[in-house]
Amino acid sequence: MAKTESESVSEMVITLESVRESLIRQEDTIVFSLIERAKYPRNSPLYDLSYASIPGFSGSLFQYIVSHSENLQAVNVLTKMLNDLLCNRLGDMKTQKNILSFPDNIPGSLLPPHNYPQVLHPPSASININSTIWDKYVNQLLPVLVAEGDDGNYASTATSDLDCLQALSRRIHYGKYVAEVKFREAPQDYEPLIRAKDSDALMKLLTFEHVEEMVKRRVEKKAMIFGQEVALFSNGTEGKCKIDPSIVSKLYEDWVMPLTKVVEVEYLLRRLD
Ligand SMILES: C=C(O[C@@H]1C=C(C(=O)O)C=C[C@H]1O)C(=O)O
């Protein structure tokens, strides 16, 4: 017999383990996107507010390209959703997860709202720290990740930057799911701290240092393995790494994990609203 909507919703179980598995899988995307970005030099004019003067737009060339690419992707996402609807395949969380990560400039959906399984607490929808991610990416990560220089390849560089930013943003905002499962596993521990609005205590409660240590070591190893030059015949480059693996581990230590936890705390503070 076919399941009713509410039956399938109540069967949707997310666990800390499944959420952590997703974070591990997302590491691959992040590491690969960083390796791709490192093919190009810094190309600073791209981020320079005074470099491009685009009629009707105030911002850098990168901001301009990003806002336009995301609008284009939004159209692609809508087309995909429409196809899914026509094939009656909507209803799992996949489509929701594929929605863009930098939604500030995206036009509203053209489709009527679909009855998705509700995993997150609705007030969390407003949590968005993309401007912080953007700033740290351009001003802190790029200077250490890529070589100084300008090869004029601005469009490819911007596309690559956008891939990195979307992957990082998705991972960091995934903190909402992490927080939700942690809350569901121990509401008795979280509720008093949420009511007291005690951000520091919440941060302490949701932090697992041994997990963070493993994350750092794993992403460093992935950067080393994924970034290795592979040659069929010995030519002196095999084994050479396209990016410094320690930069990836530092990136995670200094801001990917701290920002994920900021999202977790922000989410929990709204969890009883
Ligand atoms: C994501 C989690 O919450 C925290 C954040 C982590 C991260 O960003 O990777 C790792 C461990 C925790 O301190 C988790 O517990 O898995």
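These legends describe close-up views of a predicted model.

**View 1. The shell around the ligand.**
Twelve positions are labelled here by residue name. R20, L23 and V178 belong to the surroundings of the ligand. So do L206, T207 and F208. V211, E212 and V215 are also part of this shell. M257, T260 and K261 complete the list. Three helices each give two or more residues to the shell: α2 (16-37), α10 (209-226) and α11 (245-270). By class, the shell has seven nonpolar residues, two polar ones and three charged ones.

**View 2. Helix α9 against helix α11.**
Two packed helices are described by the angle between their axes and the distance between the axes. For α9 and α11, the angle is about 120 degrees. Their axes lie 10 Å apart. An angle of about 120 degrees falls outside the 65 to 115 range for roughly perpendicular and is not over 145, so α9 and α11 count as oblique to each other. Their crossing is right-handed. On the α9 side, the contact is made by S199, L202, M203 and L206. On the α11 side, K261, E264, V265, L268 and L269 take part. The contact of α9 with α11 includes six nonpolar residues, one polar residue and two charged residues. Two names return from the view of the ligand: L206 and K261 both belong to the ligand shell, and both take part in this helix contact.

**View 3. Y137 in helix α5.**
Y137 sits in α5, which spans residues 130-145. Y137 counts as buried because 21 other C-beta atoms lie within 10 Å, and 20 or more is the cut-off. Beyond its neighbours within four places in sequence, Y137 contacts L142, C164, L165 and L168. Take L165, one of these partners. Y137 and L165 are 28 residues apart in sequence. In space, they are 7.5 Å apart from C-alpha to C-alpha.

**View 4. N43, a loop residue with positive phi.**
N43 lies in the loop between α2 and α3 (61-86). N43 is not a glycine, yet its phi is positive, at about 50 degrees. N43 is buried because 24 other C-beta atoms lie within 10 Å.

**View 5. K197, another loop residue with positive phi.**
K197 is found in the loop between α8 (187-195) and α9 (199-206). Its phi is near 50 degrees, a positive value in a residue other than glycine. K197 counts as exposed because it has 9 C-beta neighbours inside 10 Å, and 12 or fewer is the cut-off. N43, by contrast, is buried.

Note on methods
Residues numbered from 1 in each chain as written. Predicted model: local features only at pLDDT ≥ 70, side-chain atom pairs only at ≥ 80, totals over all residues. Near = placed C-beta within 6 Å. Helix = DSSP H or I, 4+ residues; strand = E, 2+ residues; numbered from the N terminus. Nonpolar A, V, L, I, M, F, W, Y, C, P; charged D, E, K, R; others polar. Contact = placed C-beta atoms within 7 Å. Axes fitted to C-alpha atoms, helices over the stretch in contact; angles between N-to-C directions. Parallel < 35°, antiparallel > 145°, perpendicular 65-115°, else oblique. Left-handed = near helix turned anticlockwise from the far one by under 90°.
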